[in-house]
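Let's take a walk through this chain together, starting with the overall layout and ending with a pair of packed helices. Have the structure open as you read.

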Amino acid sequence: MEKISLSEVHLNGDDQFMLKPENGISEKALKEINEGLHQLLGETLKLMNLSQMVHWNFRGNHFMSIHEFTQSQYENMFEAVDVIAERIRALGALVDGNITTLCANSKIEEIPKDLSSERMIAHLLRAHRQVIKTLRRLRTLASDHTDEGTVDLCVQRTLFHEKSAWILRSLIAK
Ligand SMILES: [Fe+2]
């Protein structure tokens, strides 16, 4: 078979569609979904960092179980960040991976390092609830535009955050 060098490939005007996702979703909808995915990316990164903060600074009776639980949490979110960013690329946009911009757009607050153990757990719980809210909005938007790939991603992430919220609620329940 004849070898083709990529440098010899020139797309003419009619071929430019090859550089777009051409998935039947309108440009306007793709822009809105892209914004939602960036918010999800920023909030996932932020919550990953919060989980690390609790992993490091937690003090109290259940230290080992919280230490191990928060590790499994930030490891899950580390992988999720890549999945979310690659979904942005699959929909044709570039990823604005600047950590300052991403976190500035997230609605999750910093966690003070000297919080009591219960307040640390409550802070994580609030952050998971915020991500669940962001996911619900994005899932509805993606579903309205039959973007099933993003819907599936949102469902998978919602399962994770809802289970995490249940575990955290159980830890502070009296
Ligand atoms: Fe560690």
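Among contacts in the chain between residues at least 6 apart in sequence, what percentage join residues at least 24 apart? The figure is 76%. Keep in mind as you look that this is a predicted model.

The elements behind those contacts are easy to list: the chain has five helices and zero strands, and from the N terminus on they run α-α-α-α-α. Of the 174 residues, 28% count as buried.

A good place to pause is helix α2, which covers residues 63–90. With 28 residues, α2 reaches 41 Å from its first C-alpha to its last, close to the 40 Å expected at 1.5 Å a residue. Which of its residues are buried? They are Ile66, Phe69, Thr70, Gln73, Met77, Ala80, Ile84, Arg87 and Ile88, so you will find Thr70, Gln73 and Arg87 listed alongside Ile66 and Phe69. The cover over these buried residues includes α1 (27–57) and α5 (148–172). After α2 comes Gly92, with a positive phi near 100°.

Now follow α5 to another partner. Two packed helices are described by the angle between their axes and the distance between the axes. For α4 (residues 117–144) and α5, the axes come within 9 Å and cross at roughly 160°. Angles over 145 degrees count as roughly antiparallel, and α4 and α5 are therefore roughly antiparallel to each other. Their crossing is left-handed. The residues of this contact of α4 with α5 divide into 16 nonpolar, six polar and six charged.

Conventions:
Residues are numbered from 1 along each chain as its sequence is written. This is a predicted model: local features need pLDDT of at least 70, side-chain atom pairs count only at pLDDT 80 or more; totals for chains, interfaces and linings use all residues. Helices (H or I, at least four residues) and strands (E, at least two) are DSSP runs, numbered from the N terminus. A residue is buried if 20 or more other C-beta atoms lie within 10 Å of its own, exposed if 12 or fewer, and partly exposed in between; C-beta atoms are placed from the backbone. Two residues are in contact if their C-beta atoms, placed from the backbone, lie within 7 Å. The expected span of a helix is 1.5 Å times one less than its number of residues. Axes are lines fitted to C-alpha atoms, for helices over the stretch in contact, and angles run from 0 to 180 degrees between N-to-C directions. Angles under 35 degrees count as roughly parallel, over 145 as roughly antiparallel, 65 to 115 as roughly perpendicular and the rest as oblique. A crossing is left-handed if the near helix is turned anticlockwise from the far one by less than a right angle, and right-handed if clockwise. Ala, Val, Leu, Ile, Met, Phe, Trp, Tyr, Cys and Pro count as nonpolar, Asp, Glu, Lys and Arg as charged, and the others, Gly among them, as polar.
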